[in-house]
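Hi everyone, thanks for coming. Could you bring the model up on the screen, so that we can walk through it together?

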Amino acid sequence: MAGFVPPGSTLLGNEATSEAAKKINEVHKKADYLNLPCPIPYEELHREALMSLKPEYFEGMRFDFTKGLNQKFSLSHSVMMGPMEIPSQSSEAIKIPTAHYEFGANFIDQKTMLIGRVLTDGRVNARVKCDLTDDLALKANAQLTNEPHMSHVMLNFDYKGKDYRSQLQLGNGALFGASYIQSVTPHMSLGAEVFWAGQHRKSGVGYAGRYETDKMVAAGQVASTGLMALSYVQKVSEKVSLATDFMYNYLSKDVTASVGYDYALRQARLRGKIDSNGCTSAFLEERLNMGLNFVLSAELDHKKKDYKFGFGLTVG
């Protein structure tokens, strides 16, 4: 029988067995639970899905210009012209033409970020991010308006541990919140949150989980307020990603699902989606030259007969 065995078959069989053993060892390799990675913040659980499915859609014309005065300080100017939707009881949207100008100042350092915006309609927006220590950061967001009881301020204290993150939130209207997320495996993290809105006399508890690899990201979140959110992102290649999300409120019985794509070209990025309500949207960002970007935005809602188209330029 030895004469019927092809030459070199024994060597090939040993190599195949060795390769199979290596793969089995890699699969069954024990994870180092004492050196787990630090998870992303609790509020950014669906970060990849939001970036792909919910870009900054707009309607009308937008022009943004940013002028850097030095390495840390810059000024920005924005002009926006387009319709504003008015709430109505009818199914069709009612819009009136509007236009406003926005002036901004930005200061960005290695440990500090200060961003301020002033609009012609009287609104003032401010954002602050400051690294108090290597592990503790302070974030603040504020919006001041002329309308009574519409101004708000929110403070966030973020602590970054070795394999966990925690956050404490304080806001006007007696708003308090806290969240904690912990890595339990090299790819999975679990977290929880609690909040109390004293002005509205409402409280809630939420739980979340996230599983991430080099090729996919899956996240789920549920809260006692009735909200359940699921998202999944599949990285087809370095340039193409597919994303889907599912939103359900088991108190009001409202449900929405959407599926979309994210295609990154050499000088452009194209994102689009379609949801269960029949609304289709697309968002294109194209770099025409160094420091010059062209933006196109479109949303088609045949059910509500609401069609939104926008184009803009970003300089700087």
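So, the lining of the largest pocket: sorted by class, it has twelve nonpolar, ten polar and 16 charged residues. Before I go on, keep in mind that what you're looking at is a predicted model. The volume of this largest pocket comes out at about 1,000 Å³. If you want to find its centre, go to Glu56, Tyr57, Phe58, Arg62 and Met80, which are the closest to it out of 38 lining residues.

Which elements give two or more residues to that lining? From the early part of the chain's numbering we have β1, β2 (73-86), β3 (94-108) and β4 (112-119), and then there are β17 (279-289), β18 (292-301) and β19 (306-315). The one that gives the most is β2, with nine residues.

Let me stop at a residue in β1 for a moment. That strand covers residues 60-68, and glycine 68 is in it. Is glycine 68 buried, exposed or partly exposed? Its relative accessibility is 47%, so we call it partly exposed. If you set aside the neighbours within four places in sequence, glycine 68 is in contact with Phe73 and Ser74. And here's one to try with the distance tool: from glycine 68 to asparagine 106 you go 38 residues along the sequence, but the C-alpha to C-alpha distance is 9.1 Å.

Okay, on to the second largest pocket, which holds about 310 Å³ of space. It has 14 lining residues, and those closest to its centre are Tyr42, Glu43, Gln167, Gln169 and Glu193. Two or more lining residues come from each of β8, β9 and β10 (188-197). Here β9 has the largest share, with five residues. By class, we get seven nonpolar, five polar and two charged residues in this lining.

Now for enclosed space. How many cavities of 30 Å³ or more does a search of the whole structure find? Just one, and the space in the largest cavity is about 80 Å³. Its lining is made by Pro41, Tyr42, Glu43, Asp158, Tyr159, Lys160, Arg165, Ser166, Gln167, Ser179 and Ile181. The elements behind two or more of those are β7 (152-160), β8 (164-171) and β9 (175-183). Split by class, the cavity lining has four nonpolar, three polar and four charged residues. Some names should ring a bell: Tyr42, Glu43 and Gln167 line the cavity, and those residues are also among the closest to the centre of the second largest pocket.

While we're at β7, have a look at asparagine 156, which lies in that strand. Where glycine 68 was partly exposed, asparagine 156 has a relative accessibility of 6%, so it counts as buried. What does asparagine 156 touch, leaving aside neighbours within four places in sequence? It is in contact with Ala137, Leu138 and Lys139, and also with Gln167, Leu168 and Gln169.

Next up, aromatics. Over the whole structure, a search turns up four aromatic pairs. One of them is tyrosine 159 with tyrosine 164: the ring centres are 6.2 Å apart and the planes sit at 35°, so this pair is tilted. Tyrosine 159, at 35% relative accessibility, counts as partly exposed, and so does tyrosine 164, at 25%. Add Tyr180 to Tyr159 and Tyr164 and you have one aromatic cluster.

Last stop, some strand pairing further along the chain. Strand β13 (residues 227-235) pairs with strand β14 (residues 240-249) in the antiparallel sense, over nine bridges. To see how they line up, find glutamine 234, which stands opposite leucine 242 in β14. The link from β13 to β14 is a hairpin through four residues.

From β14 we carry on to strand β15 (residues 254-264): ten bridges join these two, and they run antiparallel as well. Here the residue to click on is threonine 244, which has valine 259 of β15 opposite. This hairpin also has four residues between its strands, and within it lysine 253 takes a positive phi near 65°.

That's my tour, so thanks, and over to you.

Note on methods
Residues numbered from 1 in each chain as written. Predicted model: local features only at pLDDT ≥ 70, side-chain atom pairs only at ≥ 80, totals over all residues. Heavy atoms only, no water. Buried < 20%, exposed > 50% of the residue type's maximum accessible area, 1.4 Å probe, protein only. Contact = heavy atoms within 4.5 Å. 1 Å grid on protein atoms, 1.4 Å probe; cavity = no way out; pocket = protein on both sides within 12 Å on 5 of 7 lines; lining within 4 Å. Points joined across faces, edges and corners; volume = space filled by probe spheres on them. Nonpolar A, V, L, I, M, F, W, Y, C, P; charged D, E, K, R; others polar. Pairing = 2+ DSSP bridges. Phe/Tyr/Trp six-rings, centres within 6.5 Å; stacked < 30°, edge-to-face > 60°.
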